[in-house]
Amino acid sequence: MKHARILIIDDDPDVLTAVKLLLKREVSEVIADKNPENIPAILSRQPIDLVLLDMNFKSAINTGNEGLYWLNRIKSLRPDLPVIMITAYGAIDLAVTSLKQGATDFIVKPWQNEHLLQVIGDILNKKSGKKKSETPQATNSDLIGESEVMKNLMHKITKIAPTDANILILGENGTGKDVIADMIHRASRRVLMPYVKVDVGALTDTLFESELFGHKKGAFTDAREDRVGRFEAADKGTLFLDEIGNISLQQQAKLLSVLQNRQVIPLGSNAPIAVDIRLLCATNVPLTALANESRFRKDLIYRINTVEVQVPPLRERGNDILLLARHFMKKYASKYAKQVPDLDKRAEDKLLNYHYPGNVRELQYSVERAIIMTDGEVLCAEDIIFSPIEQANSQSKLEQDDYNLSEMEKNAIMKVIEKHNGNISKASQELGLTRTALYRRLSKYNI
């Protein structure tokens, strides 16, 4: 990657600037141009190893989609030149079309810098014939670690990543479940195909179907144009469903149907569309809680959980805490143009003895804050302040632990009913209960 020449073509100067700043320390040269009509001249006068190409231009060429036009021009001039298409989410269907016409991959605006760097690195390594290491390399700090639990985790990933098995990733918030999913995709045979992530726990029933399965124009009030769903966008690639433990029983039934039939039917359509995806799911809900059929369908668990991966909390990773802290120190010292400080012994002890309810995410926050605030050459214990948000959450959890199970269930029911203004149907749906079961509990607790 250090010797690569990257060509970026986009008529948005902000995008050109962002990519140049991101890549200037990673590659040999970045050539940026707003005008796609200059592509043939650029390719003819200098060697280019990879092209980043926008899907839409305001050019004089009336093609219907300039991105596909210029992709085909590049392929006619340099058939083996890798091209990554840059697209907005609303144009994912065009990006999928571009893959069929020879694009190597696509990224969606706004992208994550680490993900873009990894996509570029994987493509260039494959192009140069370099073999991937037996153990997938961690490009995100969450996977930095030498503890036994992390070695076991990485070993398991090397076993499961090359397969097409559906994976359920379990772990507390902030442990890096999304990073594990990304790592599995990058170490899989589908690495050059789309990687699509969806936070399904945040989707309402209507949005759930539209986001995952797509919709046709006029399918509902705001459906002003056809939209490709995430399943179809991930075709031949990997689909990552985050927070899977938080979806309703109704959503679970719809998801199960798609996984069984391997096809989706967009809202407003009767025509099924076949999909070929590798499914990764993640949740912070323990597997024992998911096994409760009033909350989660067992048949769906078996579908999504061919193999499970348990991501350990930071408090169980020992000296990995210091490795991660130093990694973040370097990262944020570079970001804020400061000298990388040392850690004194008291600071090390403070880091090692803290319980990290927010896991790696909390450590990252604490180190970034310390780097911003310090002007010295050494980080002291006093410079490290842990998140007050997590402290409050921990106290709240301790208070909850004092309740017995019946009291907790009663409080949960009352809060959900109040949230839905007494609507029993909506309350029972959110609680994962039938209306009859909810009425029994209302009677039991005299609510």
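Two strands are said to pair if DSSP finds at least two bridges between them, and the exercises below use this rule on a predicted model.

**Exercise 1. Find which strands pair with S11, in what sense, and which residues stand opposite each other.**

Step 1. Begin with S6, which pairs with S11 in the parallel sense over 4 bridges; since at least two bridges are needed for pairing, the count for S6 and S11 meets the rule. Within S11, Ala-282 is the residue that stands opposite Ile-169.

Step 2. Turn next to S8, which runs parallel to S11 and is joined to it by 4 bridges. Here the bridge partner of Thr-238 is Arg-278, a residue of S11.

**Exercise 2. Decide whether the residues of S11 are buried or exposed, and sort them by the way they point.**

Step 1. Buried means under 20% relative accessible area, and 6 of the 6 residues of S11 are buried, so that the strand is mostly covered.

Step 2. Arg-278, Leu-280 and Ala-282 point one way from the strand, while Leu-279, Cys-281 and Thr-283 point the other way, and all of them are buried.

**Exercise 3. Describe the largest nonpolar core, naming the elements that build it and following one of its residues outward.**

Step 1. This core has 33 residues, and those with the most contacts inside it are Val-200, Phe-231, Leu-239, Leu-241, Ile-244, Leu-255 and Ile-304.

Step 2. Among the elements that give two or more residues to the core are the strands S6 (167–170), S7 (195–199), S8 (238–242) and S11 (278–283), together with the helices H8 (205–213), H9 (230–233), H10 (249–261) and H12 (298–304). H10 gives the most, with 4 residues.

Step 3. Leaving aside residues up to four places away in sequence, Leu-239 touches Val-196, Val-198, Arg-230, Phe-231, Ala-234, Ile-277, Arg-278, Leu-279 and Leu-280.

Step 4. Another core, of 22 residues, lies apart from the largest one, and Val-19, Leu-52, Ile-84 and Leu-117 are among its members.

**Exercise 4. Work out what lines the largest cavity and how much space lies in it.**

Step 1. The count of cavities of 30 Å³ or more comes to 1, and about 40 Å³ of space lies in the largest cavity.

Step 2. Its lining is made by Ala-325, Met-329, Leu-343, Leu-351, Ser-366, Val-367, Ala-370, Leu-379 and Ile-384, which divide into 8 nonpolar, 1 polar and no charged residues.

Step 3. Helix H13 (320–335) and helix H15 (359–373) each supply at least two residues of this lining, and H15 gives the most, with 3 residues.

Notes:
Residues are numbered from 1 along each chain as its sequence is written. This is a predicted model: local features need pLDDT of at least 70, side-chain atom pairs count only at pLDDT 80 or more; totals for chains, interfaces and linings use all residues. Side-chain values use heavy atoms; hydrogens and water are left out. A nonpolar core is a set of buried Ala, Val, Leu, Ile, Met, Phe, Trp, Tyr and Cys residues joined through side-chain atoms within 4.5 Å. Buried means under 20% relative accessible area, exposed over 50%, partly exposed in between (1.4 Å probe, protein chains only). Contact means heavy atoms within 4.5 Å. On a 1 Å grid over the protein atoms alone, a cavity is a set of points where a 1.4 Å probe fits but cannot get out, and a pocket is an open set with protein on both sides within 12 Å along at least five of seven lines; lining residues have an atom within 4 Å of a point. Grid points are joined across faces, edges and corners, and a volume is the space filled by probe spheres set on the points. Ala, Val, Leu, Ile, Met, Phe, Trp, Tyr, Cys and Pro count as nonpolar, Asp, Glu, Lys and Arg as charged, and the others, Gly among them, as polar.
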